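Hi there,

Here is the structure I promised to pass on to you. Have a look at it first, and then read my notes below.

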Amino acid sequence: MPSYTNSCSTRVAVIGAGHAGIEAALASARRGVDTVLFTMSLDSVGNMPCNPSIGGTAKGHLVYEIDALGGEMGRAADLVTLQSRTLNMGKGAAVQSKRVQADRREYQKIMKHTLETTPNLRLIQAEIVEILTEDSPTKHVCGVVTKLKERWACDCVVIATGTYLESAIFVGDVSYEAGPDGLLPSKGLSASLEALGIKLARFKTGTPARVKRQSIDFSVLEEQPGEENPLPYHSLHREDLFSQLTQIPCHIVYTNSETHRIILENITRSALYSGKIHGTGPRYCPSIEDKLVRFADKERHQLFVEPVGKETEEMYIQGFSTSLPTDVQVKMLHSLPGFENAEIMRYAYAIEYDCAVPTQMNATLEFKSIEGLFGAGQFNGTSGYEEAAAQGLVAGINAANRVLGCEPMVLERSGSYIGTLIDDLVTKGTNEPYRMMTSRSEYRLLLRQDNADLRLTPIGYAQGLISEERYQRFLQKKAMQEEEKERLEHTHVSPADAHDFLTSIGETPLKSGASLADLLRRPPITYAQLAILDKNRPALPVAVKTTAEVDIKYAGYANRQLSEVERHRKLEERKLPAEIDYKSIRGLRIEAAQKLDQIRPLTLGQASRISGVNPADISVLLIYLGVK
């Protein structure tokens, strides 16, 4: 038996206090389970080593879903918002996503204090170097060991190590072991996981330089203001939360031929192209040198100049990530209009790190081979704070459920982007840092950010993360939405009453009476415009009006997608026996049998989404299950 300096105990241990670890620890503790959150540095809790923004395309959907389930990210983001914008406003409601520029240090401060004051939760600075397991009756977690040789007995472990596992920084031909922002790397835990049979991968990400605000000439940049009266993420915050907020503008600048010349002439000095980096980088957030190679025909690339916080001079140049040497970074920065005299405060770098192959996990984010061991966040091969927080919330809930003897929570692919994210990871895996996009969901008309609470608040309530008071407020809001849709369907206007309004906006006049809902279904007509015909309109919250309007406009499309969901539900409900021997099933192709044996899907629906399994293979499985 190894010698330990001290022995302690908890029920759930969470490793890492980034966005995944925070949500996991809070979810577990709020379920009433004794929880310990370990972090290598108390000063890095909730850190945003890349862009300090929350939300964005599809990511805003995730934040609303996290909030609807009882998570913390949206509430904290609201409180530290510097600027808020809704992206894709020129497109349909299904792909519109909220994004806020956040005050990095204030976000950390709020999250750390939330952790410190949550009952059943201890926040401890310690590096975990080993996972302990027992093999009776099956392999399961029994504890963790710190670098100081302290042993913590526990029932469940959530690994949320972000980009720290055996991490290394790359700047040109210089490389050294370090975590993000120059913090210490995690050493030893990867070896412990591999000893337990966990298969690891090596991924890479990066970040641009931080530039001193006073050294930038903003007069030649394109200003990007925030939107007026944005709605908050958190459902309990007032809708006018931002009415008194003076939003800090962002700015836009473009690369040019000189920028491209400097980069391309020095591209062999980039760690990415010199062969020093072996990890796979993110396809949808490439470095600037990677953009120039992949999009060689583009004459310029758009960059966003964004604030890092109210009380700092650091500015973030989104889209300018690089691993080029420092002298090249200075030259390429100075080639940008307005940046001729810009001063770099932090150099850009690439970071390489270990992560787990996510197909080793179930949809609960528990490893199939080790009971009580869960993974979340970038450790699972994703990129982004929002993807991390979403997984942390699910892993924390399921770790607590295992301790409490409750049924696990599995979110359906058709019911949330979180469910889509996890289903993609555990069935398809990923060979690059996974980023959520609206196009990843075949049900995106149903999964809008405005209806996240309708889809997921009942689940959060059932899991004990939504209070009774909040749930009653949710039910009132839901009732108002249904009443307003019903009222619009049954409030009619005559052709004469609607004539002037319709002709004034270039719409065809009515030949017979129509309901307000019928008029609203016409693409150019908005709920706000209908006020001129809707004399007895009730005063309603903006969120209620928004969802009522979109539900009516999209009803036909949404109903078709609901029919698709019902058609696929039979496959989702058909369970696959855990002990099934795929290699012995006659008619099943060899590739399909190998993939099915490796991933061990829980249902036929999950099996149908595995790469290498085609409809004919699913037919074979249906026949096999019918025989059995």
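**Strand β3 and its neighbours**

Strand β2 (residues 12-15) runs parallel to β3, and four bridges join the two. One pairing to look for is Ala-13, whose bridge partner in β3 is Val-36. Please keep in mind that this is a predicted model.

How do β2 and β3 fit together with helix α1? Along with helix α1 (residues 19-30), the two strands make a right-handed β-α-β unit.

β3 also pairs with strand β7 (residues 121-125): five bridges join them, and they too run parallel. Here Val-36 turns up again, with Arg-122 as its bridge partner in β7.

Is strand β3 (residues 35-39) largely enclosed or open? Five of its five residues are buried, so β3 is largely enclosed by the rest of the structure. Both of its faces are covered, with Thr-35, Leu-37 and Thr-39 buried on one side and Val-36 and Phe-38 buried on the other.

**A pair of helices**

Next, find helix α2 (residues 59-69) and helix α11 (residues 452-462): their axes come within 7 Å and cross at roughly 35°. The crossing of α2 and α11 is right-handed. On the α2 side, the contact is made by Tyr-64, Glu-65, Ala-68 and Leu-69. On the α11 side, the residues include Arg-455, Leu-456 and Ile-459. Sorted by class, the contact of α2 with α11 has six nonpolar, two polar and three charged residues.

Enjoy exploring, and write back with any questions!

Best wishes

Technical notes: Residues numbered from 1 in each chain as written. Predicted model: local features only at pLDDT ≥ 70, side-chain atom pairs only at ≥ 80, totals over all residues. Heavy atoms only, no water. Axes fitted to C-alpha atoms, helices over the stretch in contact; angles between N-to-C directions. Left-handed = near helix turned anticlockwise from the far one by under 90°. Contact = heavy atoms within 4.5 Å. Nonpolar A, V, L, I, M, F, W, Y, C, P; charged D, E, K, R; others polar. Buried < 20%, exposed > 50% of the residue type's maximum accessible area, 1.4 Å probe, protein only. Pairing = 2+ DSSP bridges. Right-handed = clockwise from strand over helix to strand, strands pointing away.
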